[in-house]
Amino acid sequence: MLRLKNINTYYGKVHALKNVSLHLGEGEIVTLIGANGAGKTTILNTISGVTPAASGELIFEKDAIATLGVDRIVKLGISQVPEGRQVFKPLSVEDNLELGAYLRYRGREGKEAIRQDRDQVYALFPRLKERRKQQAGTMSGGEQQMLAIGRALMAKPRMLLLDEPSMGLAPLVVQEIFRVLETLRRERGTTILLVEQNAKAALRLADRGYVLETGKVILEGPASELMENADVKRAYLGKD
Ligand code: ATP
């Protein structure tokens, strides 16, 4: 469904991604693992068009998307849930969700379809429904993460890019969020690329994973194999 081939991405002179190649099949959950600064966020930002690649190929289904802008990429079906949630804090839950659908409004899609999708977000995250009139900035970290995911879903994505959804959240909330990711894959066939510091939880959820070090993919494989890999265990999984 998505293929990166020899992608190089820079921030000025910083060579953040070095010949990165990876792929995601339709309906797969794939995780990116690596230390701080390894390039995980940069991969997500390169796919979503936020930080375009300097060279290499980026193919989503049949389209070459490496040079497309963010809006075009969202329209093709890829939505990103950014690190640190970045919800619109002064706005209500409901208005945040509406903003997630802004390209659909602009494309003159019927309000009814968008309303149905909002109801589906509320079905996935009942907490958001309870708090739909609340100002987003006054909600807990977990609720804001749910809202950030809900907002991304309002664009009707076929692929979700998630950047550290578990950051700073209590284990029970993380479980709830991961359960929703599983539901999305099972019920809608959503393809998911997940960046996580919590490698253990991510590998439990994912089908496959890639390990990154200083901008390069150094290891890849089925999640079950990576979990048993001695280097991965030592560097990223810690003690049980
Ligand atoms: P973390 O887990 O800390 O978020 P990461 O694996 O997501 O790390 P990236 O954020 O992709 O890593 O960063 C990859 C490299 O690019 C790092 O060396 C980082 O310092 C550098 N970098 C990231 N963003 C910028 C920027 N806006 N300007 C300059 N360098 C950047």
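What covers the buried residues of H7? Keep that question in mind while you move through this predicted model, starting with the helix itself.

Select residues 141-153, which form helix H7. Its 13 residues should span 18 Å at 1.5 Å a residue, and because the C-alpha atoms at its ends do lie 18 Å apart, the expected and computed lengths agree. Now colour the helix by burial: twelve of the 13 residues are buried, so that H7 is mostly covered. Among the buried residues are Gly142, Glu143, Gln144 and Gln145, followed by Met146, Leu147, Ala148 and Ile149, and the list also includes Gly150, Arg151, Ala152 and Leu153.

Next, show the surroundings, where the cover of these buried residues includes two strands, E6 (78-81) and E7 (159-163), together with the helices H3 (93-100), H5 (111-124), H6 (126-130) and H8 (171-188).

From that group, keep H3 on display beside H7; the two helices pack at an angle of about 35 degrees, with 7 Å between their axes, and their crossing is right-handed. Show side chains for Val93, Asn96, Leu97 and Gly100 of H3 and for Leu147, Gly150 and Arg151 of H7, which make the contact. These contact residues divide into three nonpolar, three polar and one charged.

Finally, move to residues 208-213 and 216-222, the strands E9 and E10, which pair in the antiparallel sense over six bridges. Select Arg208 and then Pro222, its bridge partner in E10. The hairpin of E9 and E10 has two residues between the strands, and in it Thr214 takes a positive phi near 35 degrees.

Methods
Residues numbered from 1 in each chain as written. Predicted model: local features only at pLDDT ≥ 70, side-chain atom pairs only at ≥ 80, totals over all residues. Heavy atoms only, no water. Helix = DSSP H or I, 4+ residues; strand = E, 2+ residues; numbered from the N terminus. Expected span 1.5 Å × (residues − 1). Buried < 20%, exposed > 50% of the residue type's maximum accessible area, 1.4 Å probe, protein only. Contact = heavy atoms within 4.5 Å. Axes fitted to C-alpha atoms, helices over the stretch in contact; angles between N-to-C directions. Left-handed = near helix turned anticlockwise from the far one by under 90°. Nonpolar A, V, L, I, M, F, W, Y, C, P; charged D, E, K, R; others polar. Pairing = 2+ DSSP bridges.
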